[in-house]
Amino acid sequence: MLRNFCCTSSLGAVNDQDRTQRITDLDALKVFTHPLRIRLYRALFTARTATASHLADQVDEAVSLVSYHLRKMAAHGFIVEAPEHGSDGRERWWKVSAERGFSFRSADFDDRPEGAAVLAQVTRQLLATRAERYQQYLDQLSAWPREWTNASFSSEFMPLLNAAELQEMADEIGELMQRWTDRGQAAEDAGNTEGREHVAVQMYGFPFRP
């Protein structure tokens, strides 16, 4: 079963329906076949709240184009307005609607003929944007302090597992990442943000035959 997540705090967050938006509607999933929308969603997830102008600066696109794609995501409930952050009402403030982002599973689309094609397209877009983010880090490696480059990691393991064991591993990784995410969130809520940076943790688990 293919499971994929954008900006979620853990792999196991798919079971936390009140904080993660699980996509089961194919038309909603199609929203993320456009790579710019994934980039905008990630940028907004990190910023928590932002305007189209703020996001346009981050993705280096025209404000009008960014506004269009934000409206497309809002139409399917992925983002909502954050009027509490607007001071004069001249520009919309946005925020993601689910605290832990969105998730989807292949099993939810098995009964639709084009489901597999859309799943594959969105997954490829997610993979491309994740690779892009890591490439940006590598390009900027010399700009990061030694403590950060020493702590960063990229790993690959190839255990011999059955499907049930792969599921168990995914659950354990999810619990681990949730613990660290909660720790960072608690520090931020307490105002203890000095020395902290957003950290992208990208993990994959899939079968292959050599």
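Leaving aside neighbours within four places in sequence, with which residues is L36 in contact? In this predicted model, the partners of L36 are V59, E61, L65 and H69. L36 lies in helix α2, which spans residues 35-47, and with a relative accessibility of 5% it counts as buried, because buried means under 20% relative accessible area. One of the partners, V59, is 23 residues away from L36 in sequence, and the C-alpha atoms of L36 and V59 are 8.1 Å apart in space. Another partner, H69, is placed in helix α4. H69 is likewise counted as buried, at 3% relative accessibility. Beyond its neighbours within four places in sequence, H69 has contacts with H34, L36, R37 and L40.

The setting of these residues is a protein chain with seven helices and six strands. In sequence order, the elements of the chain follow the pattern β-β-α-α-β-α-α-β-β-β-α-α-α. Of the 210 residues in the chain, 33% are buried. Among contacts with a separation of 6 or more, 73% are between residues 24 or more positions apart.

Two helix pairs are described here. Packed helices are characterised by the angle between their axes and by the distance between the axes. Helix α3 (residues 52-59) packs against helix α4 (residues 63-75) at an angle of about 110°, and the two axes are 9 Å apart. This angle makes α3 roughly perpendicular to α4, since angles of 65 to 115 degrees fall in that class. The crossing of α3 and α4 is right-handed. On the α3 side, the contact is made by A52, S53, L55, A56 and V59, and on the α4 side by V63, V66, S67 and L70. Sorted by class, the contact of α3 with α4 comprises seven nonpolar and two polar residues, and no charged residues. V59 thus belongs both to the contact of α3 with α4 and to the partners of L36.

Helix α2 packs against helix α5 (residues 115-139) at an angle of about 55°, with a distance of 9 Å between the axes. The two helices are therefore oblique to each other. As for handedness, the crossing of α2 and α5 is right-handed. From α2, the residues P35, I38, R39 and R42 meet V122, Q125, L126, T129, R130, E132 and R133 of α5. The contact of α2 with α5 is made up of four nonpolar, two polar and five charged residues.

Strand pairing was examined for β5 and β6. Strand β5 (residues 93-96) has W94 and V96 on a covered face, whereas W93 and K95 are on an uncovered one. Strand β3 (residues 50-51) runs antiparallel to β5 and is joined to it by two bridges. In this pairing, A50 stands opposite W94 of β5. Strand β4 (residues 79-81) also pairs with β5 in the antiparallel sense, over three bridges. Here I79 has V96 of β5 as its bridge partner. The residues of the covered face of β5, W94 and V96, are therefore those named as opposite A50 and as bridge partner of I79.

Strand β6 (residues 102-105) has F102 and F104 pointing one way and S103 and R105 pointing the other way, and all of these residues are buried. Strand β2 (residues 21-23) pairs with β6 in the parallel sense, over three bridges. F102 of β6 is the bridge partner of Q21.

Two loop residues that are not glycine have a positive phi. R48, found in the loop between α2 and β3, has a phi of about 75°. R48 is partly exposed, with a relative accessible area of 39%. D60 lies in the loop between α3 and α4 and has a phi of about 60°. With a relative accessible area of 68%, D60 is exposed.

Key:
Residues numbered from 1 in each chain as written. Predicted model: local features only at pLDDT ≥ 70, side-chain atom pairs only at ≥ 80, totals over all residues. Heavy atoms only, no water. Axes fitted to C-alpha atoms, helices over the stretch in contact; angles between N-to-C directions. Helix = DSSP H or I, 4+ residues; strand = E, 2+ residues; numbered from the N terminus. Parallel < 35°, antiparallel > 145°, perpendicular 65-115°, else oblique. Left-handed = near helix turned anticlockwise from the far one by under 90°. Contact = heavy atoms within 4.5 Å. Nonpolar A, V, L, I, M, F, W, Y, C, P; charged D, E, K, R; others polar. Buried < 20%, exposed > 50% of the residue type's maximum accessible area, 1.4 Å probe, protein only. Pairing = 2+ DSSP bridges.
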